[in-house]
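Ready for some practice in reading a fold? Please look over the sequence and the structure before you start on the exercises.

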Amino acid sequence: MDETEFWEIVDRTREAAEGDPEEHADLLAERLLQSDPDAVLDFARHFESRYNRAYRWDLWGAAWVLLDGASDDAFDYFRCWLIGQGREVFEGALHDPDSLAELLDDFDEELDGDGEELGYAADEAYERLTGVVAPDLGIPPAPPEPEGTPLDFENEAVMAQRYPKLWERFGTEA
């Protein structure tokens with residue numbers, strides 16, 4: 001499976017789920033069940049490599065503004081959700097996290113931003129196809145700390161300055 005096919009699967013299943021992250025995960029697992037186990041592992045490698053690429057302080061700060069706070073777990077689930085938004089949103093956020101203010105048409109804090117189940121879809125599909133747990137994917141793990149310079153998430157002035165568009169749209173003063 002190449003990168004284009006990976007993103008096509010993400011996009012088709014997201015569109016069919018009509019923005020519901022849990023439904024998206026279910027549809028993704030069902031779609032992967034139509035593949036052979038090696039293709040499912042390829043999908044998992046693509047997903048995991050993007051998940052690791054998004055382990056950055058600047059994205060964590062964007063998640064903090066969008067979600068009005070983001071614990072370690074919340075940021076993990078946010079990264080899964082971000083991948084689920086498709087290539088344009090994902091790559092745009094990596095290029096400039098503040099651009100999420102423009103890349104996201106709608107954002108429901110109660111529904112969006114948490115794609116925990118998306119992170120398990122390939123594992124679930126692989127296990128259902130083979131009856132065994134997916135093997136190690138053979139890709140480097142994420143670093144122990146996010147990439148980049150840490151931010152003081154609790155300092156509203158810092159966050160408003162670092163993420164002016166997100167802050168205007170989603171910040172606590174918005």
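Here are three short exercises with worked solutions, on a model that is predicted.

**Exercise 1.** Work out which residues of helix α8 are buried and why they line one face of the helix.

*Solution.* Begin with the helix, which spans residues 121-130; its buried residues are Ala121, Ala122, Ala125 and Tyr126. Next, look down the axis of α8: these buried residues fall within an arc of 130 degrees, so they line one face. The general rule helps here: an α-helix has 3.6 residues a turn, so residues three or four places apart point the same way. Now find what covers the buried residues of α8: the cover includes α2 (21-32) and α3 (37-53). Finally, step past the end of the helix to Gly131, which follows α8 and has a positive phi, near 80 degrees.

**Exercise 2.** Classify the ring pairs that Phe153 forms with Trp57 and with Trp64.

*Solution.* Take Trp57 and Phe153: the centres are 6.1 Å apart and the planes 50 degrees, which makes the pair tilted. Trp57 sits in helix α4 (residues 57-67) and Phe153 in the loop between α8 and α9 (156-162), 96 residues apart. Then take Trp64 and Phe153: with 5.0 Å between centres and 25 degrees between planes, the pair is stacked. Trp64 also lies in α4, so its pair with Phe153 ties together parts 89 residues apart in sequence. Trp57 and Phe153 are buried, and Trp64 is buried too.

**Exercise 3.** Place these pairs in their wider setting.

*Solution.* The structure holds 14 aromatic pairs. Ring pairs link a cluster whose members include Trp57, Trp60, Trp64, Phe75 and Phe153.

Key
Residues are numbered from 1 along each chain as its sequence is written. This is a predicted model: local features need pLDDT of at least 70, side-chain atom pairs count only at pLDDT 80 or more; totals for chains, interfaces and linings use all residues. Side-chain values use heavy atoms; hydrogens and water are left out. Buried means under 20% relative accessible area, exposed over 50%, partly exposed in between (1.4 Å probe, protein chains only). Helices (H or I, at least four residues) and strands (E, at least two) are DSSP runs, numbered from the N terminus. The arc is that of the directions from the helix axis to the C-beta atoms. Contact means heavy atoms within 4.5 Å. Rings of Phe, Tyr and Trp (its six-membered ring) pair if their centres lie within 6.5 Å; planes under 30 degrees apart count as stacked, over 60 as edge-to-face and the rest as tilted.
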